[in-house]
Amino acid sequence: MGFSATPGWDLRVLGFWQLRYDGVPVEVGARQQRLLAALAVLHTQPRHVLAAILWPDSPERQSAGNLRASVFRISHELPRLLSATDPLQLDCAVRVDLHEVRELITEITLAGARSVPPESIDLLQDANLLPGWYEEWVLDQQNHLLNQRVDALQGLARSFLISKSFSRALGAARAATVVDPLRESAQHLLVRCHLAEDNYASAVQVYRSFRAHLGRELGVEPSTHFAELLGLDSALGEPHQLVRAMKMG
């Protein structure tokens, strides 16, 4: 997702953190970065809530002081970026890439694949929230957005399958498996897309790769329903007729 050419503030939290003004990157201190990121992700928040989120291990007075200092610095060095009231929020003119992705997810949830731009699949696949940030509030939001992205991509894949747009369905299902490689429903959809194109060999390969990955990561097997979709023996991942021949031999 690119930055808007419109003059003003752009805040990026997908892929990496970056603040720009009129397209030019702006250097921001670590504390100010964390505050702006929290407002971008969590929207409007009371000051005491933000202070507790951002400085969970500090005494209340100290965390409140840290927040006041960060707000003061942003307000004086980066004008028209904050609406420095209580609750705190970003100025309504600030463009945030995450907000656009959330709007896309809502649109897909409400309307399926209708009127969704072609680049939507790539946007959802690549919308990793603040990678490399490990604070608890960030990890919670990362997981929440990941699940929303996979759900939206699966919704697109199903809609495209219904409309017989098989190549677009395949792209959406494959993106869902990239975002969450261990989600069986996404792998199941990818197999259905290959089968819709009469590509049984690729469908079986998806199943076998997923089965191996699941075993390595979690020590479990895919559901028997998944194997049955392909006419496979769930214990061996081979077609039933081949399993019978192996046993007879």
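Strand β2, which covers residues 18–21, is joined to β3 by two bridges, and the two strands run antiparallel; please keep in mind throughout that what we are looking at is a predicted model. Within that pairing, Arg20 has Pro25 of β3 as its bridge partner. If we widen the view, these strands belong to an open sheet of four strands, in the order β3-β2-β1-β6 and with mixed pairing. The edges of this sheet are β3, at 24–25, and β6, at 95–96, each of which pairs on one side only.

Let me turn to the nonpolar core. In general terms, nonpolar side chains tend to be buried together in soluble globular proteins. Here the largest nonpolar core has 74 residues, and those with the most contacts inside it are Leu11, Trp17 and Leu36. Helix α6, residues 136–162, gives the most to this core, with ten residues. Which residues, then, does Leu36 touch, if we leave out those up to four places away in sequence? Its contacts include Leu11 and Trp17, and the list continues with Leu19, Val28, Ile74, Leu81, Leu82 and Leu90.

A polar residue deserves a word as well, namely Gln187, which lies in helix α8, residues 184–196. Is Gln187 buried or exposed? Its relative accessibility is 8%, and because buried means under 20%, Gln187 counts as buried. Again leaving out residues up to four places away in sequence, Gln187 touches Thr177, Pro181, Val206, Phe210 and Phe226.

Finally, some remarks on the backbone, for which the general background is that most residues other than glycine have a negative phi, and that most peptide bonds are trans. Against that background, the bond joining Asp86 and Pro87 is a cis peptide bond, with omega at about 10°, and Pro87 is found in the loop between β4, at 82–83, and β5, at 89–90.

As for phi, His43 has a positive value, near 65°, and sits in the loop between α1, at 30–42, and α2, at 47–54. With a relative accessibility of 39%, His43 counts as partly exposed. Asp198 also has a positive phi, near 60°, and this residue is found in the loop between α8 and α9, the latter spanning 200–218. Why does Asp198 count as exposed? The reason is that its relative accessibility is 71%, and exposed means over 50%.

Note on methods: Residues numbered from 1 in each chain as written. Predicted model: local features only at pLDDT ≥ 70, side-chain atom pairs only at ≥ 80, totals over all residues. Heavy atoms only, no water. Pairing = 2+ DSSP bridges. Buried < 20%, exposed > 50% of the residue type's maximum accessible area, 1.4 Å probe, protein only. Contact = heavy atoms within 4.5 Å. Core = buried A, V, L, I, M, F, W, Y, C linked by side-chain atoms within 4.5 Å.
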